[in-house]
Amino acid sequence: MNEIQLIDLLKVKSEKERIEFKEAKSQFSVLGNNERNRNSILGLAVAMGNEGGGKLLLGVKNAINPKTGYRDIVGTSALENIEQVKSQIFTHLKIRIGIDEIKTNKGRVVVVTFPSRPVGGYFDFYGIP
């Protein structure tokens, strides 16, 4: 993914089941800590994967800036070890996620791409689909 593709995503009118925007300026949980903390890479991989796949953008405001027409980049230092994050998700779900790191003049944005669940199957988060 490049900066032009990122700008297109930042213009999406609203979050839907296939795209999520999080500021996550300094950190974002990879595995969550139990069935109650689904706001993590693993939790979103399960939720989005069970709905057909999707994207998570870290380092971006959720609200659209009315002056520019797209979401502001705030930058993030979360998920610094991308290969480790991929490995942790693979260990739990046996799927490969994509992670792109885009460095802009406003800061670093991390785009995590979650694949769809296997046909006829589902993902679960600590035993909960």
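In the second helix, α2, the residues Ile41, Leu42, Gly43, Leu44, Ala45, Val46, Met48 and Gly49 are buried. The model is a predicted one, and within it α2 is mostly covered, since 8 of its 10 residues count as buried. The cover over the buried residues of α2 is provided by several elements, including the strands β1 (19-22), β2 and β6 together with the helix α3. Just after α2, the backbone reaches glycine 52, which takes a positive phi of about 110°.

The helix α2 belongs to a wider arrangement, in which the protein chain has 3 helices and 6 strands. Read along the sequence, these elements follow the pattern α-β-α-β-β-β-α-β-β. The radius of gyration of the protein chain is 14 Å, close to the 14 Å that the globule rule gives for 129 residues, so the chain is as compact as a globular protein of that length. Along its principal axes, the C-alpha trace spans about 45 × 25 × 25 Å.

The interior was examined next. Of the 129 residues in the protein chain, 40% are buried. The largest nonpolar core holds 25 residues, and the members that touch the most other members are Ile41, Leu79, Ile97, Val112 and Phe114. Two or more residues are given to this core by each of α2 (41-50), β2 (54-58), α3 (82-93) and β6 (107-114), and the largest share, 6 residues, comes from α2. A second, separate core consists of 11 residues, among them Leu9, Leu10, Val60 and Ile73.

The surroundings of isoleucine 97 illustrate how parts of the sequence meet in the largest core. When residues up to four places away in sequence are not counted, isoleucine 97 touches Ile41, Val85, Lys86, Ile89, Val112, Thr113, Phe114 and Pro115. Ile41 is one of the buried residues of α2, and, like Ile97, it is among the residues of the largest core that touch the most other members. For the protein chain as a whole, among contacts with a separation of 6 or more, 68% are accounted for by residues 24 or more positions apart.

At the outside of the model, the accessible surface of the protein chain comes to about 7200 Å², and carbon and sulfur atoms account for 47% of this area. The protein chain carries 19 positive and 14 negative side chains, and the centres of these two sets lie 2 Å apart.

Definitions and conventions:
Residues numbered from 1 in each chain as written. Predicted model: local features only at pLDDT ≥ 70, side-chain atom pairs only at ≥ 80, totals over all residues. Heavy atoms only, no water. Helix = DSSP H or I, 4+ residues; strand = E, 2+ residues; numbered from the N terminus. Rg over C-alpha atoms; globule rule 2.2 N^0.38 Å. Buried < 20%, exposed > 50% of the residue type's maximum accessible area, 1.4 Å probe, protein only. Contact = heavy atoms within 4.5 Å. Areas by Shrake-Rupley, 256 points an atom, 1.4 Å probe, with all protein chains shown as cover. Lys, Arg positive; Asp, Glu negative; His and termini not counted. Charge placed at Lys NZ, Arg CZ, Asp CG, Glu CD. Core = buried A, V, L, I, M, F, W, Y, C linked by side-chain atoms within 4.5 Å.
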